[in-house]
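Work through the exercises below with the sequence and the model open. Each task is followed by a solution in steps.

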Protein chains: 2
Amino acid sequence: MEEKTWVRMVTAQTPTNIAVIKYWGKRDETLILPVNDSISVTLDPAHLCTTTTVAVSPSFDQDRMWLNGKEFSLSGGRYQNCLREIRARACDVQDEEKGIKIAKKDWEKLNVHVASYNNFPTAAGLASSAAGFACLVFALAKLMNAKEDNSELSAIARQGSGSACRSLFGGFVKWNMGKAEDGSDSLAVQLVDEKHWDELVIIIAVVSSRQKETSSTTGMRDSVETSLLLEHRAKEVVPKRTKQMEEAIKNRDFGSFAQLACADSNQFHAVCLDTCPPIFYMNDTSHRIISCVEKWNRSEESPQVAYTFDAGPNAVLIARNRKAATQLLQKLLFCFPPNSDADLNSYVIGDKSILKDAGIEDMKDVEALSPPPEIKNAERSKGEVSYFICTKPGRGPVLLSDESQALLHPETGLPK
Amino acid sequence: MEEKTWVRMVTAQTPTNIAVIKYWGKRDETLILPVNDSISVTLDPAHLCTTTTVAVSPSFDQDRMWLNGKEFSLSGGRYQNCLREIRARACDVQDEEKGIKIAKKDWEKLNVHVASYNNFPTAAGLASSAAGFACLVFALAKLMNAKEDNSELSAIARQGSGSACRSLFGGFVKWNMGKAEDGSDSLAVQLVDEKHWDELVIIIAVVSSRQKETSSTTGMRDSVETSLLLEHRAKEVVPKRTKQMEEAIKNRDFGSFAQLACADSNQFHAVCLDTCPPIFYMNDTSHRIISCVEKWNRSEESPQVAYTFDAGPNAVLIARNRKAATQLLQKLLFCFPPNSDADLNSYVIGDKSILKDAGIEDMKDVEALSPPPEIKNAERSKGEVSYFICTKPGRGPVLLSDESQALLHPETGLPK
């Protein structure tokens with residue numbers, strides 16, 4: 001390796017994902033091995049994704065990282081695990097044009113810079129760590145010319161954040177809990193890609209909350225230690241449910257899909273409640289959203305919408321098709337209108353064509369909405385929802401080759 | 001039996017009760033046989049009780065009933081079951097002073113009048129049906145000179161409302177689920193009377209709610225049919241927990257008592273959440289109360305307060321002693337002050353001496369309360385709690401011999 005100043009950079013974009021069969025509870029805290037399989041749907045990176053640029057240069061004197069423009073330490077165990085695992089798989093790199101030549105053995109001595117950016121608010125509780133760790137591992141692997149496929153990489157991303165392993169693929173993804181003590185078989189596989197079931201539309205309600213939530217790491221640990229229901233769920237309930245969910249996805253059987261996803265979300269929150277001290281992620285607004293969806297589903301011949309909630313009050317609503325999504329948005333905007341001073345354009349974000357289909361162009365249209373007929377005395381509660389994101393299932397990680405999209409400067413390796 | 005106009009009347013007073021090991025799920029809907037044992041504490045009838053007068057007269061041409069002054073039909077299956085079972089156990093009655101002589105066989109032909117009154121709001125979700133059916137059965141048994149003891153009567157009250165069987169005794173009471181198909185061994189027994197653990201103080205927070213709750217009958221049925229966790233709870237968790245709770249009560253071991261009561265309340269609500277459609281009885285205010293108690297308990301060497309919630313948002317808080325209750329009331333009034341226009345005298349009802357011990361005489365004292373040190377940035381939320389009831393464990397049913405306390409007119413048998 002010649003000691004001249006060069007910077008090698010790779011930029012990747014990785015989606016976030018939402019579990020429809022939930023991961024809750026680790027059997028190994030360090031390796032992040034779960035107590036059950038889980039299944040997720042990958043969300044369209046156009047609306048929710050992380051972009052990460054990783055760079056290497058002989059001029060870097062330490063590993064450094066910037067998240068959304070702010071520097072953070074990379075010394076945390078989870079980052080170190082991911083860095084160590086990718087470095088161990090690094091291969092020779094040669095870029096004649098730039099005069100870069102890195103031998104396999106050199107990677108141990110080279111420092112990296114990492115810059116990462118979410119196209120959605122980190123604090124909104126939308127699994128930013130899943131997209132973040134998946135993107136870090138994916139980008140580092142490409143930077144270091146590791147030959148592992150995405151499933152193999154998922155087992156590394158898993159060691160950053162469990163659910164990150166499911167962000168290595170688009171469409172529907174299964175995280176096999178695995179059996180091996182070293183975690184080598186605890187990795188993600190794609191069940192179907194995002195084209196398999198392209199009718200689905202997803203609306204996320206970002207719910208206002210005044211409470212600080214229990215971190216999922218702490219919550220899971222408490223549940224494993226104290227819930228008398230978690231083991232039964234992991235051993236008896238989830239294995240059957242996972243198989244049924246795989247079938248439902250394969251057959252695009254929305255009725256079964258919705259029933260399983262809703263039941264599993266509710267059971268995960270039940271286990272949280274059965275934990276000592278109890279964990280409440282859903283709030284009254286979450287409950288009202290569930291109640292809206294349940295009443296509508298029951299008033300129709302078959303379910304129109306599935307709901308699922310992660311470790312927070314936000315609702316992820318999966319509509320069977322565009323028509324159902326349009327009706328859903330009308331019902332949601334009736335029950336959860338924005339504050340009077342809000343701008344509709346920032347209240348419904350993402351794919352705004354759903355709003356157009358719903359015939360809603362301005363706040364007057366929101367005010368004129370009819371109450372959902374299936375809800376008796378439907379109330380309108382302003383301000384309970386911060387905003388809605390309209391999106392759909394999406395693709396897995398991609399490399400961004402256009403250097404203008406890189407988050408680090410190509411010569412200094414520092415944030416642009 | 002001479003056909004002259006007389007009215008025979010009996011008035012009884014029966015407490016309500018709150019389960020500390022919960023009853024949730026029936027194995028027989030008609031006989032009301034539960035899927036697990038439960039344990040309750042009887043609440044002081046001075047603050048929460050039902051008073052019922054039952055009367056019989058040859059002049060009554062039908063069975064009639066008045067609840068809190070309003071006439072209701074007695075034709076419902078649950079009332080009919082109780083009436084039939086007591087009539088089947090009726091014995092000869094002779095009252096020479098009044099010239100009443102009723103032979104065992106005559107009871108089938110005689111109609112009864114029932115008047116019942118709760119000394120607390122029926123709609124507050126404070127187990128009014130438990131006290132009501134217990135009182136009905138107890139009073140009818142005395143009216144008809146049935147020889148059964150309170151345990152045997154509890155098996156009849158059970159057929160009116162499951163939890164009613166536990167209101168036939170004071171102190172701590174266990175409802176044995178029983179094994180017999182006819183329900184004959186599914187009855188209540190007293191574990192200890194109200195003097196055994198007389199340090200305990202109970203504060204009930206009646207929580208404001210805008211939602212209509214699922215009836216417990218419907219909720220239980222849905223849970224039995226759809227929850228995949230209920231059976232595990234009933235078969236694996238509750239049997240052990242019941243034994244531990246009996247030990248804790250026997251030994252007045254407040255630490256274990258609180259841990260078991262809180263865990264069981266949370267698990268019952270977890271099963272509700274695991275039901276399809278999910279049932280939410282607790283709301284954000286309930287969650288905040290739990291959080292207050294959990295934080296305080298964890299900041300002390302051992303638990304000061306146990307919480308338990310039935311099929312609604314109200315918190316029943318059991319303090320280990322008077323000192324803990326005084327501190328609890330201060331913390332609660334800090335976090336949940338009344339609306340500005342409220343009258344303290346109607347905001348804290350029941351045993352007001354706790355309020356005095358807490359040094360609170362008027363609204364200025366409430367405003368001047370210090371935030372609980374164990375809660376960071378404690379917020380004050382006006383109007384979330386409707387009122388507090390200060391009470392304690394209490395005695396079982398009693399007969400009220402003073403005719404002035406009867407709810408029916410001694411000559412007409414109609415409501416006074």
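The exercises cover a predicted model, going from the arrangement of the chains to the domains and then to single residues.

**Exercise 1. Determine how chain B is related to chain A.**

Solution. Superpose chain B on chain A: a turn of 180° with a shift of 0.0 Å along the axis lays one on the other, and the RMSD is 0.0 Å. That is the relation of a two-fold axis. Next, look for the part of chain B that comes closest to the rotation axis; the residue is Ala270(B), whose C-alpha is at 2.1 Å. Finally, compare the two sides of the interface. Of the interface residues of chain B, 100% are also interface residues in chain A, so the copies meet through the same surface.

**Exercise 2. Describe the interface of chain B and chain A by area, polar pairs and elements.**

Solution. Start with area, because the size of an interface is often given as the accessible area lost when the parts come together. Chain B and chain A bury about 2,700 Å² between them, and carbon and sulfur atoms give 61% of that. In residues, 28 of chain B are in contact with 28 of chain A.

Then go through the polar terms. The salt-bridge rule finds zero across the interface of chain B and chain A, while six residue pairs are in polar contact.

Now assign the side of chain B that touches chain A to elements. Helix H5 (230–250), helix H6 (254–273) and helix H7 (284–299) of chain B each give two or more residues. H7(B) has the largest share, six residues. Sorted by class, this side of chain B has 12 nonpolar, seven polar and nine charged residues.

**Exercise 3. Set out the domains of chain A and describe how domain 1 meets domain 2.**

Solution. First take the bounds: the assignment gives domain 1 as 8–194 + 398–405 and domain 2 as 201–391. In chain A, the C-alpha centres of domain 1 and domain 2 lie 28 Å apart.

Second, take the contact. In chain A, 28 residues of domain 1 touch 41 residues of domain 2, and the two domains bury about 2,800 Å² between them, 71% of it on carbon and sulfur atoms. Ile21(A), Lys22(A) and Trp24(A) supply 30% of the area that domain 1 buries against domain 2, more than any other three residues.

Third, count the polar terms. Between domain 1 and domain 2 of chain A there are three salt bridges and 10 residue pairs in polar contact. A salt bridge joins Arg221(A) and Glu29(A), with the closest N and O atoms 3.3 Å apart, which is within the 4 Å cut-off.

Fourth, place the side of domain 1 that touches domain 2 on elements of chain A. Strands S2 (17–21), S5 (38–42), S12 (172–175) and S13 (188–192) give two or more residues each, and S2(A) gives the most, with four. By class, that side of domain 1 of chain A has 17 nonpolar, four polar and seven charged residues.

**Exercise 4. Locate the cis peptide bonds at Pro277(A) and Pro277(B), and find the positive phi at Asn145(B).**

Solution. In chain A, the bond from Cys276(A) to Pro277(A) is cis, with omega near -5°. Pro277(A) is in the loop between H6 and H7 of chain A. In chain B, a cis bond joins Cys276(B) and Pro277(B), with omega about -5°, and Pro277(B) lies in the loop between H6 and H7 of chain B.

For the backbone angle, turn to Asn145(B), which is not a glycine but has a positive phi of about 60°. Asn145(B) is in the loop between helix H2 (128–143) and helix H3 (150–157) of chain B.

Key: Residues are numbered from 1 along each chain as its sequence is written. Chains are lettered from A and ligands numbered from 1 in the order in which they are written. This is a predicted model: local features need pLDDT of at least 70, side-chain atom pairs count only at pLDDT 80 or more; totals for chains, interfaces and linings use all residues. Side-chain values use heavy atoms; hydrogens and water are left out. Copies are superposed by least squares on the C-alpha atoms of residues with pLDDT of at least 70 in both. Contact means heavy atoms within 4.5 Å. Domain bounds come from an automatic or database domain assignment. Buried area is the accessible area (1.4 Å probe) that two parts lose on being put together, summed over both. A salt bridge is a side-chain nitrogen of Lys or Arg within 4 Å of a carboxyl oxygen of Asp or Glu. A polar contact is a pair of N or O atoms within 3.5 Å; within protein, one must be able to donate a hydrogen and the other to accept it, and residues adjacent in sequence count only if both atoms are side-chain atoms. Ala, Val, Leu, Ile, Met, Phe, Trp, Tyr, Cys and Pro count as nonpolar, Asp, Glu, Lys and Arg as charged, and the others, Gly among them, as polar.
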